[in-house]
Amino acid sequence: TLKIREKNIFICEDHHQVLQFWHAYKDSCPYLLTFDHHTDLHLAFNHYIYHNGEKEKTWEEQRKALLDGISANDPSAIEKLTHAEHIDAAIKTGIIKKALVYSENSYYGRQKEVYTIDGNSPYAGQNIINNCNYIEMQSLISSETLSFNFKKFDLCIPKSQWFHNYILDIDLDFFKSTKSFENKDLTFFKNLIDNCIAVSIATEP
């Protein structure tokens with residue numbers, strides 16, 4: 001963990017490892033704003049239970065026991081997750097209040113807990129909101145692009161509810177090349193950094 005201008009920044013390789021960092025903010029009931037190429041919204045421990053599960057127990061019984069480990073910030077439980085299961089685990093254990101997922105991929109027609117903006121049904125209070133946008137590399141984090149696309153989040157949740165109590169999470173696969181940073185106006189993105197309570201970054205090598 002680094003500290004830059006009094007803000008904690010956690011850097012890890014595998015995305016699910018951010019849970020050990022997020023857990024420290026649990027009492028604040030923070031929101032999550034994540035930038036990712038993928039949605040990373042698979043059900044927690046599906047991969048582990050499929051390959052290592054106990055046949056005499058249901059998947060939900062096993063999932064609950066493993067989530068208890070996440071609640072206790074047990075590193076061995078965190079390591080049983082894959083890189084795409086950490087958001088579901090954080091929501092189910094109350095580490096994160098709601099997740100705002102800004103991605104290139106979309107998440108239509110799967111978990112009922114996930115709402116994909118511009119989907120086929122209205123927002124019904126789901127704890128995970130997926131804002132999917134295809135963005136050219138040169139304008140990926142430009143103020144013009146972000147201010148336009150973030151208005152979609154406002155359709156579901158007012159900015160005033162989450163803006164001063166969120167963890168900014170970044171998977172580096174969101175940035176396809178150095179062209180991602182070639183825009184002159186990055187004010188919006190810098191404002192997100194300034195107003196978050198902490199930053200987590202997954203390098204996903």
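**Exercise 1: the cysteines**

Work out whether Cys29, with a relative accessible area of 43%, is buried, partly exposed or exposed, and then find out how many disulfides there are.

*Solution.* Start with the cut-offs: buried is under 20% relative accessible area, exposed is over 50%, and partly exposed is in between (1.4 Å probe, protein chains only). At 43%, Cys29 is therefore partly exposed. Before going on, note that this is a predicted model, where local features need pLDDT of at least 70 and side-chain atom pairs count only at pLDDT 80 or more, while totals for chains, interfaces and linings use all residues. Residues are numbered from 1 along each chain as its sequence is written, and side-chain values use heavy atoms, leaving out hydrogens and water.

Next, the bonds. A disulfide takes two cysteine sulfur atoms within 2.5 Å, and the count is 0. Cys12 is in none, as the nearest cysteine sulfur, in Cys196, is 15 Å off. Cys29 can't bond either, because its closest cysteine sulfur, again that of Cys196, is 18 Å away. Unlike Cys29, which is partly exposed, Cys12 is buried, at 7% relative accessibility.

**Exercise 2: the aromatic rings**

Find how many aromatic pairs there are, and describe how the rings of Tyr115 and Tyr123 are arranged.

*Solution.* Rings of Phe, Tyr and Trp (its six-membered ring) pair if their centres lie within 6.5 Å; planes under 30 degrees apart are stacked, over 60 edge-to-face, and the rest tilted. That gives 16 pairs. One of them is Phe21 with Tyr25, edge-to-face at 5.4 Å between centres and 65° between planes. Tyr115 and Tyr123 are also edge-to-face, at 5.4 Å centre to centre and 65° between the planes. Now check burial: Phe21 and Tyr25 are both buried. Tyr115 is buried at 9%, whereas Tyr123, at 21%, is partly exposed.

Finally, look for a network: ring pairs join Phe35, Tyr102, Phe150, Phe153, Phe174, Phe175, Phe188 and Phe189 into a cluster.

**Exercise 3: the nonpolar core**

Say which helix or strand gives the most to the largest nonpolar core.

*Solution.* A nonpolar core is a set of buried Ala, Val, Leu, Ile, Met, Phe, Trp, Tyr and Cys residues joined through side-chain atoms within 4.5 Å. The largest has 32 residues, and Ile87 and Trp22 are among those touching the most other members. Helices (H or I, at least four residues) and strands (E, at least two) are DSSP runs, numbered from the N terminus. Suppliers of at least two core residues include β2 (7–12), α3 (59–71) and α5 (86–92). The winner is α5, with 4 residues. A second, separate core of 31 residues includes Phe153, Cys156, Phe189 and Leu192.
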